[in-house]
Amino acid sequence: MAVSKNELSVIMKAKDLCRYVMTVTQKSPKQFRFTFTTRLHNLGMDIITDIYLANEIFIDGPEAKQNYQKRLSLQHSAMTKARLLAYVAQLALEQKAILPKQYEQISRQTTEVLNLLGGWIKSDRRRFF
């Protein structure tokens with residue numbers, strides 16, 4: 001798979017997280033497919049959506065402060081969804097819908113995404129205000 005060098009690290013990590021979630025949940029027991037599996041898939045896709053939307057907002061010109069707030073809101077939304085994904089994964093582990101190793105990997109990747117989002121927010125704050 002070709003990856004653009006211009007793509008933000010946080011986008012690449014979020015895609016990796018989503019891809020991993022999609023892969024490991026394929027083998028989840030049927031009874032969990034419409035609860036944990038669907039929720040994990042949706043949260044993974046929502047995180048990527050929020051990051052892309054935030055990245056499309058340019059902070060420049062007379063509406064810079066307003067655009068900064070929109071971007072910040074989307075960045076925080078992605079963070080919240082990443083935390084929710086980690087929690088749903090924990091529930092899935094407790095119900096034996098995923099394996100402990102899979103949960104550890106999801107937790108590790110979620111933490112990476114959260115750290116990169118936090119760094120992006122901090123960078124924006126320094127750069128624009």
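**View 1. The buried side of α2 packs against α1, α3 and α4.** Helices here are DSSP runs of H or I with at least four residues (strands would be E runs of at least two), numbered from the N terminus. Buried means under 20% relative accessible area, exposed means over 50%, and partly exposed is in between, using a 1.4 Å probe and protein chains only; contact means heavy atoms within 4.5 Å. The buried residues of α2 are Phe36, Thr37, Leu40, Leu43, Gly44, Ile47, Ile48, Asp50, Ile51 and Ala54. With 23 residues, α2 reaches 32 Å from its first C-alpha to its last, close to the expected 33 Å at 1.5 Å a residue; that expected span is 1.5 Å times one less than the number of residues.

A word on what you're looking at: this is a predicted model, where local features need pLDDT of at least 70 and side-chain atom pairs count only at pLDDT 80 or more, while totals for chains, interfaces and linings use all residues. Residues are numbered from 1 along each chain as its sequence is written, and side-chain values use heavy atoms, with hydrogens and water left out. The predictor's per-residue confidence, pLDDT, runs from 0 to 100; the protein chain averages 92, and 95% of the residues score at least 70. Among the elements, α2 has the lowest mean pLDDT at 95 and α1 the highest at 97.

**View 2. The largest nonpolar core draws on α1, α2, α3 and α4.** A nonpolar core is a set of buried Ala, Val, Leu, Ile, Met, Phe, Trp, Tyr and Cys residues joined through side-chain atoms within 4.5 Å. This one has 36 residues, and the members touching the most other members are Val10, Ile47, Ile51, Leu85, Ile106, Val113 and Leu117. Each of α1, α2, α3 and α4 chips in at least two residues, but α3 gives the most, with 11. Zoom in on Val113: leaving aside neighbours within four places in sequence, Val113 is in contact with Val10, Lys13, Ala14, Leu17 and Ile47. In soluble globular proteins, nonpolar side chains tend to be buried together.

**View 3. Lys13 and Glu112 pair up between α1 and α4.** Their side chains form a salt bridge, N to O at 3.0 Å; the term means a side-chain nitrogen of Lys or Arg within 4 Å of a carboxyl oxygen of Asp or Glu. Lys13 is in α1 (residues 9-25) and Glu112 in α4 (residues 100-128), so the pair ties together parts that are 99 residues apart in sequence. Both ends are partly exposed: Lys13 has a relative accessible area of 32%, and Glu112 comes in at 30%. The structure holds 5 salt bridges.

**View 4. Asp50 reaches Lys81 in another salt bridge.** The N to O distance is 2.9 Å. Asp50 belongs to α2 (residues 33-55) and Lys81 to α3 (residues 64-94), so this pair links distant parts of the chain, 31 residues apart. Asp50 counts as buried, at 7% relative accessibility.

**View 5. Asp124 sits in a salt-bridge network with Arg71 and Arg127.** The closest N and O atoms of Asp124 and Arg71 are 3.0 Å apart. This pair links α4, home of Asp124, to α3, home of Arg71, across 53 residues of sequence. Arg71 and Asp124 are both buried, with Asp124 at just 1% relative accessibility. Beyond neighbours within four places in sequence, Asp124 is in contact with Tyr68, Arg71, Gln75 and Phe129. The C-alpha atoms of Asp124 and Ile59 are separated by 9.2 Å, although the two residues are 65 apart along the chain.

**View 6. Ser28 tucks into the loop between α1 and α2.** Ser28 is buried, with a relative accessible area of 2%. A polar atom of the Ser28 side chain lies 3.0 Å from the backbone oxygen of Ala97. Leaving aside neighbours within four places in sequence, the contacts of Ser28 are Arg33, Thr37, Ala97 and Ile98.

**View 7. Lys96 follows α3 with a positive phi.** Its phi is about 65°, although Lys96 is not a glycine. Most residues other than glycine have a negative phi. Lys96 lies in the loop between α3 and α4 and counts as exposed, at 67% relative accessibility. As for α3, its 31 residues reach 45 Å from first C-alpha to last, close to the 45 Å expected at 1.5 Å a residue.

How values were computed:
Polar contact = N/O pair within 3.5 Å; in protein donor to acceptor, adjacent residues only side chain to side chain.
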